[in-house]
Amino acid sequence: MPLRRTWIVGILSFVLHARGEDAVDYLRDVKPIFAARCYACHGALKQKAGLRLDTGEFIRRGAKDGPIIESELMRRITSSDTDERMPVEGEPLKPEQIRMIEAWLRTGAQSPAGEKPEPDPREHWAFKPPVRAEISGFGSRVSGSTNPKPNPIDSLIDGDLTPQPLADKPALLRRVSLDLIGLPPTRDELRAFLADDAPDAYDRAVDRLLHDPRHGERWARHWMDVWRYSDWYGRRLVPDVWNSAPQVWRWRDWIVRSLNAGKGYDRMVTEMLAADEIAPGDDESRVATGYLVRNWYALNPNQWMRDNVEHTAKAFLGLTFNCAHCHDHKYDPITQQDYFHLRAFFEPIYVRQDRVPGEADPGAYQDYDYSKLRKIVRTGMVSVFDKDAAAKTWFYTGGDERNRQTDRPPAQPAPPAFLGGEVRVEPVKLPLSVSFPGAKPFAREDETRAAEKAIANARAQLKTAEVALAAANEKFSVTLDESAAQDAELAMRLAQAALVAARAKRDSLKARVAADDVKFLGKPGDLAAVAKTAGESERALALAVAKVAAIEAERAVRAAKPDEKKKADAELANATKALAKAEDDAKKPATDYTPLSPTYPHESTGRRLALARWIASRKNPLTARVAVNHIWMRHFHTPLVASVYDFGRNGSPPTHPELLDWLAVEFMENGWSMKHLHRLIVTSAAYQRASMSPGRMEAEVVRDSMLHLAGKLDARMGGQELETAAMPGSNRRSLYFACYPEGGGSGEFTGVFDAPDPNDCYRRTQSIVPQQALALTNSKFVHDCSEAIARRLTGEGAEFITVAFEHLLTRPPKREETDACLAFLTKQPDPGRARESLIRALFNHHEFVTVR
Amino acid sequence: MKPRRQFLADLGMGFTGLSLGSMLFRDGVARAAAPDGQPQFAPRAKSVIWIFLSGGYSHIETFDPKPALTKYGGMTFDKTPFENPLNSPKHHARFRSVAAEEVNVRNVYPTIYPMQVGFAKRGQCGVEITDWWPHLAGCVDDIAFVRNMWTTDNDHFAENQIHTGRHRLDEQQPSLGAWVHYGLGTMNENLPKFVVLGGPTRSDTRLSLDSLYLGPQHAGVPLAIDPKSPLPFGVRDARQSEAGQRDEYELIGRLNQLAAVEYPADADLRARIRSYELAFRMQASVPEALDFKPESEDVQKLYGLDNDATRVAGQRLLASRRLIERGVRFVQVYPSAYGTWDSHQKLQEKHAQMCAGVDKPVAGLLHDLKQRGLLEETVVVFCTEFGRTPGLELRNGGKDGRDHHPHGFTVWFAGAGIKPGIVHGETDELGYHALGDGHYVTDMHATVLRLLGLDGRRLEIPGRKRLDVDHGRSIDAILA
């Protein structure tokens with residue numbers, strides 16, 4: 001060891017000499033190494049072995065077992081034994097870092113007096129409640145004079161800025177329209193706005209946009225990014241549903257509706273986590289739990305839980321709880337145990353399917369079975385419910401659920417201690433319509449109506465078959481074609497059997513409903529008797545259905561081509577066998593029957609509601625700040641806290657802490673109203689300035705705006721997601737097209753403009769790539785839109801150019817621009833094509849895809 | 001007090017994914033943290049052809065023959081003189097089912113299935129490979145085989161895993177090609193830097209070319225071997241004349257230049273102007289690169305373009321050569337369709353046919369690269385997502401196939417910076433476990449990056465901490 005040390009020192013003096021420096025500087029050379037590699041375990045967050053390394057004094061003091069500066073520190077960082085070597089994780093320290101530490105120790109481990117230790121992690125700014133700063137005069141210090149309406153945002157942001165003039169009216173209208181409804185103003189809207197001289201013209205425009213139903217669509221897409229909206233996927237081309245659910249689009253429509261209705265953010269968060277507990281029986285709200293359904297992964301429920309934990313923490317709290325899955329968090333005071341406490345809120349859940357009025361019964365939710373494909377069920381709705389109140393949350397090590405520690409008590413639901421706040425988990429009683437949805441009047445009515453309709457259809461078909469048989473018999477007397485007559489005879493028998501089956505279905509339905517009345521609705525009656533009647537009616541129905549199947553099989557045999565004969569014969573044999581069994585069954589007495597729907601627990605644990613209330617609470621220091629930051633970023637193209645899903649100690653500090661806090665408090669004090677916040681932001685001088693940090697239109701906005709300007713945009717809202725392959729031929733808004741993290745999960749056109757990655761889109765990327773240029777010059781879509789616009793717009797020459805600029809870019813052209821366009825138009829041999837080409841050139845103008 | 005423009009630029013620049021890598025680096029737009037497009041140390045290779053065979057070829061019947069299997073065929077593992085591989089702790093340590101334990105249907109197969117093909121020593125180096133590679137047998141002296149690969153997934157998500165380095169249940173990471181794209185500048189601005197040919201054909205394997213948080217500009221660009229429509233939106237609309245489009249592009253350029261006068265500090269605007277110049281040229285360059293007309297008949301034959309069995313693979317590999325010849329950095333090529341090597345049943349028939357489809361084209365590629373001197377600057381990787389079980393697959397009454405096997409498989413490297421004619425690593429005598437530490441799939445990534453002069457750890461971007469396992473360790477034993 002002494003030898004080795006001499007060697008190290010030798011090198012070191014060479015290094016120092018070469019650098020022209022005399023000594024190691026603790027603050028410059030040593031402390032950053034400890035900070036980067038050691039503080040996580042030996043600093044304010046943790047003091048493993050009783051050791052802190054965050055000040056020179058602490059280092060000299062040593063660990064609980066004794067000092068370290070003599071030899072232990074060097075021994076540990078240079079050890080070749082990986083069990084001994086520090087840091088435990090990651091690569092060993094680099095030789096030059098080791099040399100630096102060694103030199104510092106050798107020269108006496110000096111450090112400046114008064115060195116401050118790392119602050120207590122619980123004192124981190126984001127973990128303290130936001131406090132509203134006092135604003136003197138409630139106005140703008142600098143640009144208040146240019147904003148007719150003083151706005152507190154300006155008071156808080158102007159301090160470090162030189163004043164700027166406000167944007168002109170056209171630029172402002174374009175900006176605020178794109179921001180609030182995701183579409184640029186048309187030329188007519190621009191004209192109307194310019195003609196409005198009233199001082200409150202802008203405020204009224206803002207109000208109009210905030211009340212436009214397209215506002216909900218625009219901001220829904222933003223929140224769908226944050227909340228990771230995804231349509232079903234897994235093996236979409238097979239198809240085989242592994243992730244999310246085919247009815248999850250109802251959650252998307254709920255987002256649009258909720259935003260348009262001005263529902264508070266706190267309420268939205270609560271419904272997404274626990275609509276079934278805060279509003280049991282309210283199906284309109286229950287679809288909000290699509291937020292959790294979206295994370296569903298059929299192959300591995302543990303993964304479902306992991307995603308629920310990770311993304312609830314990231315989306316609502318700005319915390320990277322996922323880092324505590326395998327070990328205690330390296331930066332924030334989140335222990336691995338805390339991770340499992342958070343998970344416990346979700347542990348009892350499962351997915352259910354329910355019918356909705358006017359749609360076929362989706363049936364019970366299909367459990368996972370490797371050998372069966374998971375069918376795409378398109379009717380009804382999906383939501384989560386507490387299936388197993390006794391489900392246990394086992395702690396496991398190493399991020400591998402195979403290492404469950406079943407000898408430890410299971411984790412109970414609890415929020416992390418450092419954020420304080422109590423949760424009271426109280427079970428929620430559920431109404432009958434939830435525990436037995438078959439009791440809902442509409443379900444019975446829909447079924448009855450369908451049964452009656454089926455009878456009417458069967459009757460009509462029987463009539464048709466009778467007429468056909470009569471005709472065939474008449475014809476037979478002339479042609480003696482026995483085969484045709486036999487076919488008609490068989491068709492007749494089939495129609496008769498079908499009518500019997502349709503009636504049996506209605507009768508069975510009546511009997512089941514009667515039994516349900518006694519069994520679930522508390523109507524008087526002998527349950528055993530009504531159950532027996534219902535069960536037997538089901539057997540009678542099964543028999544009638546088997547008869548239909550047997551006749552159909554008989555018909556198939558007659559119609560079979562020679563090469564299909566064998567198969568048809570086999571199927572007939574099967575059908576005959578099934579009929580015999582149904583006949584047997586029908587003779588046996590029944591004791592039970594199938595209720596009109598599956599049944600579910602009468603109670604929910606209340607865990608998720610407790611979590612939701614804790615998150616969407618005025619006392620929670622993170623929730624409002626995180627939401628406000630997301631909203632701010634989408635107006636200004638840049639967030640106040642750059643790490644939008646990490647407000648922890650490893651995240652970025654806010655650029656404007658006072659502003660962030662002021663907005664967070666304002667938000668909470670105004671019912672968590674997003675529209676209030678939007679209005680406050682877009683009426684600030686900061687927002688209305690001439691030079692705003694530019695952003696690029698999101699993929700959806702590029703496409704929607706082009707359709708809108710071409711007068712083609714389809715205003716229909718909502719509904720099942722449309723396949724991206726159908727995008728080129730459709731004029732629906734882009735948010736209604738399938739969005740999932742696999743091939744085909746974004747449109748070909750929107751894909752080149754950074755369509756969202758539904759697995760991770762807390763912040764959209766904005767790229768500039770040649771493929772965008774190709775899409776905007778070559779796609780059939782851009783050619784079609786250009787053609788439509790060229791046809792609609794009036795004027796020739798310079799007049800046309802002005803109209804085109806105003807329509808596409810919301811401003812008149814400058815003289816040089818008119819000149820360039822005129823020269824272009826003149827040069828083109830075909831004036832019609834030239835106009836289209838000019839429109840297309842404006843779509844390709846950087847200004848078109850840019851929001852300034 | 002900061003000038004406002006500076007303030008806004010600081011706020012706005014952080015995330016706007018300005019792409020067109022080298023151009024922006026040249027313009028000094030990108031921030032110091034981003035790579036400068038130059039290798040971080042002296043590179044051995046300029047470009048990569050990454051050949052991926054989807055479905056999992058049997059290491060045993062390709063490049064890692066195991067006569068012991070034939071000898072003990074039909075016996076259970078515990079009846080052989082060797083340690084029973086089923087009892088090895090490596091099972092738990094290296095393997096993780098995506099499906100929860102209660103639904104995972106893949107189990108260990110205890111009955112040894114004999115080798116389905118003969119093998120012999122080939123080349124000067126004497127490496128043993130099977131008889132299904134008559135053409136590749138002539139190239140083994142240029143190849144470094146790595147026989148101790150392992151991965152952690154026993155199902156086909158492993159196809160993404162070999163490209164991204166992450167198991168399906170882990171946080172996903174960008175693909176290797178995307179990291180190369182991110183780390184290195186372009187050598188031909190008129191072509192994409194990261195091209196994908198022939199795949200991935202399945203929606204759930206798109207991760208194999210994805211760039212995720214690096215930004216979509218770094219994702220692989222799938223090209224079709226069809227000069228008429230090789231890339232999306234790559235062909236002028238029929239309504240427009242060639243001259244008309246040229247004029248339109250000129251007008252776009254002119255209008256954007258005028259805007260640049262107004263916004264001299266707008267880096268996005270400059271990037272967009274450049275993107276149009278590139279797009280216009282790309283529209284011509286891509287079809288040119290994928291047009292085989294200039295290739296002689298001999299060359300076309302070398303790749304097997306004259307034969308139905310080898311044509312598809314041959315076209316994709318010939319296109320790969322033409323692309324790297326023109327400066328494309330990373331070509332990820334799928335000579336065969338998704339899952340086609342997956343031989344749960346009828347392994348002999350399937351593998352014989354699949355090998356015959358790629359043997360000649362791959363050998364042709366190596367010959368062609370060599371004779372053009374391109375093998376000195378290109379590294380060729382040949383791989384699959386996992387091996388196949390030494391035991392007979394028994395599911396569904398199986399009697400002639402092997403199941404997925406993540407515990408040991410073989411890949412190979414050839415070309416720039418690679419030691420030619422060597423075998424590195426081994427599986428146990430039954431072809432079950434990769435011996436020693438073996439190599440996890442990211443070791444292949446580290447190897448490729450190292451040859452290109454990149455260190456994955458230095459490519460990491462702030463706020464996106466990667467684990468050690470994401471970086472892997474380069475397989476130094478095969479480096480020249």
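Which residues in α29(A) meet which residues in α8(B)? The model is a predicted one, in which local features need pLDDT of at least 70 and side-chain atom pairs count only at pLDDT 80 or more, while totals for chains, interfaces and linings use all residues. Residues are numbered from 1 along each chain as its sequence is written, and chains are lettered from A and ligands numbered from 1 in the order in which they are written.

On the side of α29(A) the residues are A:P770, A:Q772, A:A773 and A:L774, and they meet B:S275, B:Y276, B:L278, B:A279, B:M282 and B:Q283 in α8(B), where contact requires C-beta atoms, placed from the backbone, to lie within 7 Å. By class, these residues comprise seven nonpolar, three polar and no charged (Ala, Val, Leu, Ile, Met, Phe, Trp, Tyr, Cys and Pro count as nonpolar, Asp, Glu, Lys and Arg as charged, and the others, Gly among them, as polar). Helix α29 spans residues 770–778 of chain A and helix α8 spans residues 267–289 of chain B, and the two pack at an angle of about 75° with their axes 8 Å apart. The pair is therefore roughly perpendicular, a label given to angles of 65 to 115 degrees.

The wider contact between the chains takes 63 residues from chain A and 62 residues from chain B. On the side of chain B, the elements giving two or more residues are α1 (4–13), β1 (16–17), α7 (242–262) and α8, and that side has 31 nonpolar, 15 polar and 16 charged residues.

Chain B itself comes to 14 helices and 14 strands, which are DSSP runs (H or I of at least four residues for helices, E of at least two for strands). Its radius of gyration, taken over C-alpha atoms, is 24 Å, which agrees with the value near 23 Å for a compact globule of 480 residues; that rule is 2.2 Å times the number of residues to the power 0.38. Buried residues, those with 20 or more other C-beta atoms within 10 Å of their own, make up 56% of chain B.

In chain A, some backbone details deserve attention. A cis peptide bond joins A:M86 and A:P87, with omega about -5°, and A:P87 is found in the loop between α4 (72–78) and α5 (95–106). A:R228, in the loop between α10 (213–226) and β1 of chain A, is not a glycine yet has a positive phi near 60°, and A:R228 counts as buried because it has 22 C-beta neighbours inside 10 Å.

Definitions and conventions:
Axes fitted to C-alpha atoms, helices over the stretch in contact; angles between N-to-C directions. Parallel < 35°, antiparallel > 145°, perpendicular 65-115°, else oblique. Contact = placed C-beta atoms within 7 Å. Buried ≥ 20, exposed ≤ 12 C-beta atoms within 10 Å, placed from the backbone.
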